[in-house]
Amino acid sequence: MNEMYDMSIVTHNWGVMAVLAVIFINILMLFGIKSSAKYTRANSLFAPIVGTVIGMVIFTGVIMMASKHLDFTIENIAMILFATIFIYLEAKRSKGLKRVRTKDENTFLVYRAEALKILLTEIVVVLSISLWMWI
């Protein structure tokens with residue numbers, strides 16, 4: 001049982017690093033792609049990867065909770081709360097992209113500023129909950 005828990009911690013840790021990598025790739029795409037049509041296309045192709053990485057972190061967290069007999073510690077409750085906040089932020093960013101018109105580049109510039117704030121908030125959320133795990 002302890003071996004499974006130790007493996008889950010390592011997998012969970014790599015998943016958190018993958019979430020940070022996905023956020024940084026999103027920021028690079030946000031500023032690297034100048035056309036709203038190209039960005040929308042690239043984001044629609046990248047969105048399943050984002051969902052998979054978030055799902056991996058949540059799944060490994062659930063596995064670790066199950067191996068500890070669903071012991072709801074303060075850390076576990078905080079992680080559940082932060083995962084919910086993270087999913088909400090991703091949904092908000094995705095909905096903002098739907099408002100972008102491909103013909104109007106001004107809406108893309110407005111979205112870019114909004115998405116950057118959301119992505120930076122996601123970085124803070126991930127780092128703040130992960131800090132205790134890495135220290």
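Before the views, one definition: buried means under 20% relative accessible area, exposed means over 50%, and partly exposed is anything in between (1.4 Å probe, protein chains only). This is a predicted model, so local features need pLDDT of at least 70 and side-chain atom pairs count only at pLDDT 80 or more, while totals for chains, interfaces and linings use all residues. Residues are numbered from 1 along each chain as its sequence is written, and side-chain values use heavy atoms, with hydrogens and water left out.

**View 1. The whole chain, four helices and zero strands.**
Helices here are DSSP runs (H or I, at least four residues), strands are runs of E (at least two), and both are numbered from the N terminus. Reading along the sequence gives α-α-α-α. The C-alpha atoms fill a box of roughly 55 × 25 × 25 Å along the principal axes. Of the 135 residues, 36% count as buried. Call it a contact when heavy atoms come within 4.5 Å; among contacts between residues at least 6 apart in sequence, 80% join residues at least 24 apart. About 8,300 Å² of the chain is exposed, and carbon and sulfur atoms supply 73% of that (Shrake-Rupley areas with a 1.4 Å probe; for residues, only the protein chains shown count as cover).

**View 2. Glu90 and Arg93, a salt bridge inside helix α3.**
A salt bridge is a side-chain nitrogen of Lys or Arg within 4 Å of a carboxyl oxygen of Asp or Glu, and a search of the whole structure finds two. In this one, the closest N and O atoms of Glu90 and Arg93 are 3.0 Å apart. The partners sit three residues apart in α3, about one turn of the helix. An α-helix has 3.6 residues a turn, so residues three or four places apart point the same way. Are these two charged residues buried or exposed? Glu90 counts as buried because its relative accessibility is 13%, and Arg93 counts as buried because its value is 3%. Leaving out residues up to four places away in sequence, Glu90 touches Val50, Ile54, Leu119 and Glu122.

**View 3. Helix α3 from end to end.**
This helix covers residues 74-98. With 25 residues, α3 reaches 36 Å from its first C-alpha to its last, close to the expected 36 Å (the expected span is 1.5 Å times one less than the number of residues). Its buried residues are Asn76, Phe86, Leu89, Glu90, Arg93, Gly96 and Leu97. Ala78, also in α3, is partly exposed at 22%. Ala78 and Ile129 are 51 residues apart in sequence, yet their C-alpha atoms are 7.5 Å apart. Ile87 and Gly51 are 36 residues apart along the chain, with 9.1 Å between their C-alpha atoms. Gly51 belongs to helix α2 and is partly exposed at 42%.

**View 4. Arg99 and Glu114, a salt bridge from loop to helix.**
Here the side chains meet at 3.3 Å, N to O. Arg99 lies in the loop between α3 and α4 while Glu114 is in helix α4, so the pair ties together parts 15 residues apart in sequence. Arg99 is exposed at 54%, and Glu114 is partly exposed at 24%.

**View 5. Tyr39, Phe108 and Tyr111, one aromatic cluster.**
Rings of Phe, Tyr and Trp (its six-membered ring) pair if their centres lie within 6.5 Å; planes under 30 degrees apart count as stacked, over 60 as edge-to-face and the rest as tilted. The whole structure has two aromatic pairs. Tyr39 and Phe108 make a tilted pair, 5.5 Å centre to centre with 50 degrees between the planes. That pair links distant parts of the chain, with Tyr39 in helix α2 (residues 36-67) and Phe108 in helix α4, 69 residues apart. Tyr39 is buried at 0%, and Phe108 is also buried at 0%. The rings of Tyr39 and Tyr111 have centres 6.0 Å apart and planes at 50 degrees, so this pair is tilted. Tyr39 in α2 and Tyr111 in α4 are 72 residues apart, and both are buried.

**View 6. A nonpolar patch on the surface.**
Patches are made of residues with over 30% relative accessible area and no salt bridge: like charges are joined within 9 Å, nonpolar side chains (Val, Leu, Ile, Met, Phe, Trp, Tyr) within 5 Å. Val10, Trp14, Met17, Leu127, Leu131, Trp134 and Ile135 form this one, with about 740 Å² of accessible area together. The elements giving two or more residues are α1 (2-32) and α4 (105-134). Ile135 sits in the segment after α4 and is exposed at 81%.
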